[in-house]
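Work through the exercises below with the sequence and the 3D structure at hand. Each task is followed by a solution in steps.

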Amino acid sequence: MSNASQSGRHILVAVAWPYANGPLHLGHIAGAYLPADIFARYHRMAGNRVLMVSGSDQHGTPVTVRAEHEGVPPQEIVDRFHPQFLQLWHELGISFDLFTTTGTPNHAEVVRDVFLRLLEHGYIYKGKTHQFFDAQAGRFLPDRYVEGTCPHCGYERARGDQCDHCGRTLDPDQLIRPRSRLTGAAPEMRETEHFFFKLSAFQQPLLDWLRGRTGWRKHVLNFSIGFVEEGLHDRAITRDIEWGVPVPVEDLGAGKRMYVWIEALIGYLSASKEWAQEAGEPDAWRAWWEDPAAGTYYFIGKDNIPFHTIIWPAILMGHGGLNLPADVPANQYVTFKGEKASKSQGVGEPALGYLERFQPDAVRYALAANLPENSDTDMTEAEIIRRNNDELVATWGNLVNRVLAMTHRTFAGRVPPAGALDHRDEAIIAGARTMLHQVGELIEAVHLKAALAAAMAFAQEANGYLSDTEPWKAAKSDPARAGTSLYVALCAITALDVALYPFLPFSSQKVHEYLGLSGGIEDAGWEARLPQPGATLGTAEPLFRKIETPEGEARLSA
RNA sequence: GGCAGCGUAGCUCAGGGGUUAGAGCAACCGGCUCAUAAUCGGUAGGUCAGUGGUUCGAAUCCACUCGCUGCUACCA
């Protein structure tokens, strides 16, 4: 048993905020949402107080870009995709305590509080900067809204932040013949005044903090330390735009909004507060944010690392009194047939599409077994089918099915008495405990792929045990012995069902009911309990559907 | 261009200075027939991208080369 289950720690599971500008694909799921959910479900089951929050980033530039492209207000884009996210969480079993948006009054208020606090502490100052201005449209242009010819490769449609042709990073003023994406007019440089966050002040504190981290993924830590060592510079935190959270002070006049990069990060805190208000305990969020014994974990993709290991910690340091990340287990990318899944490039089907064809646990299993924890991993639909048919159905589903079917036939659906245990029986019962303990430790360390593999390896052991003791034969010659084997196998299944629950919540709940246990499996606790002889088992049906493919059918008829 | 990571069996991935390099799946052989043609055991399969170093010893460390990916901070 983990120590955590006794202490009842507060665990904040903070998950990346998706832009509400398009559907999510399996890359997003594998990168952040699924690992976060596995982690959260484990901790809930282990008796910890979990708060899992995120929401739609509705002020991100991709949202406004899409809105302008379609000629509709940004809110319309948000209203289209935010409900899709909620539907996806529901269907895939991503168990948020709150999935909100950055458009709530609460969020604006928390952003204001953080801003004022940083201002008060001297980490925010006013400064002048130059930016392109579209005189026809009457507004300043974010970098992405300026197009022109790339000075490096001559590509004519390079954006102000980057050239899509040669991939280089650009500043808008480097573009040859710049033009506004809004009107096509040649923009002019104008001076504008903004608030800046004094990120540079945190150079040394961040370095000290990062160097003291242990247990973090190597690529996360190396990258972050390298990033800070190169030198941090202050960033503007306001911009000239109408879509966004208003700046809390009016020093700069009207027409300024908070820059999304800082505003969206504050969402973790504002969502926690919103959850607390809805729960009727407005101060409840403090247990996760202010108590140093709490653990805060940020689940993100690798493209988001500096924001969560550098900028957000700097904001937290500047604010004071709030917990720094306990870990940022950023994942690499899932590629599809070698290509990066990407909303903007249309690679990777929307995740909801997969759920029309596959059971949610099948999708969860295939992704969890192949999480890009250390390096990019590749995924294909054939791989999902293979994982489902050859591993999930064959190893775990079949174990449950064969044991329950035999028990129903031989012992009228009641848990048989244990009888005298030999070394093989005892090895399985002890192995179940060891496995559960090991899986728990691996999940706590966010080695989710290894945790799943450990559980599946034990399922194979249990299948091997059945081959070894052959209860279907013993049922005829030595029913007591057959009963013992089935009892032991039920012990293994009971433990496996707990171990697999974070990964396979839907089917694990079913198995819980097949085992004749009442209530939700999550309340069962992270422990290997023994089945009660005489207890009545539920009627079992196969847990997972085998997915038929043309190739599979060809093999059958051959 | 700079930085980071990766390149390990047919496939997807672990491992990571020290006895014969691992897993799952696929292949092949055998067993079993309770189970969704499911399962169990076994066999075979890799000069760990290449070259050169360090070392008693390198897949593991270093350098270089080739290939892939990501980041490069006003997308977050």
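The exercises cover the surface near an RNA strand and one sheet.

This is a predicted model, in which local features need pLDDT of at least 70, side-chain atom pairs count only at pLDDT 80 or more, and totals for chains, interfaces and linings use all residues. Residues are numbered from 1 along each chain as its sequence is written, chains are lettered from A and ligands numbered from 1 in the order in which they are written, and side-chain values use heavy atoms, with hydrogens and water left out.

**Exercise 1.** Describe the residues near RNA strand B (near: a heavy atom within 4 Å of it).

Step 1. Among the 53 residues around the strand, the nearest are Tyr19, Arg235, Val260, Asp378 and Lys546.
Step 2. Sort by type: 18 are nonpolar, 16 polar and 19 charged, with Gly counted as polar.
Step 3. Assign them to elements (DSSP runs; helices H or I of at least four residues, strands E of at least two). Helix α14 gives the largest share, eleven residues.

**Exercise 2.** Find polar contacts to RNA strand B (pairs of N or O atoms within 3.5 Å).

Step 1. Start with the backbone: an N or O atom of Gly231 is 2.5 Å from a base nitrogen, and one of Trp261 is 3.2 Å from a phosphate oxygen.
Step 2. Turn to side chains: an N or O atom of Asp376 lies 2.9 Å from a sugar or linking oxygen.

**Exercise 3.** In what order do the four strands of the open sheet lie?

Step 1. The order is β3-β2-β1-β13, with parallel pairing (at least two DSSP bridges between two strands).
Step 2. The edges are β3 (98-101) and β13 (295-299).
Step 3. Four bridges join β2 to β3; Ser56 has Thr101 as its partner in β3.

Conventions. A residue is near a molecule or strand if one of its heavy atoms lies within 4 Å of it. A polar contact is a pair of N or O atoms within 3.5 Å; within protein, one must be able to donate a hydrogen and the other to accept it, and residues adjacent in sequence count only if both atoms are side-chain atoms.
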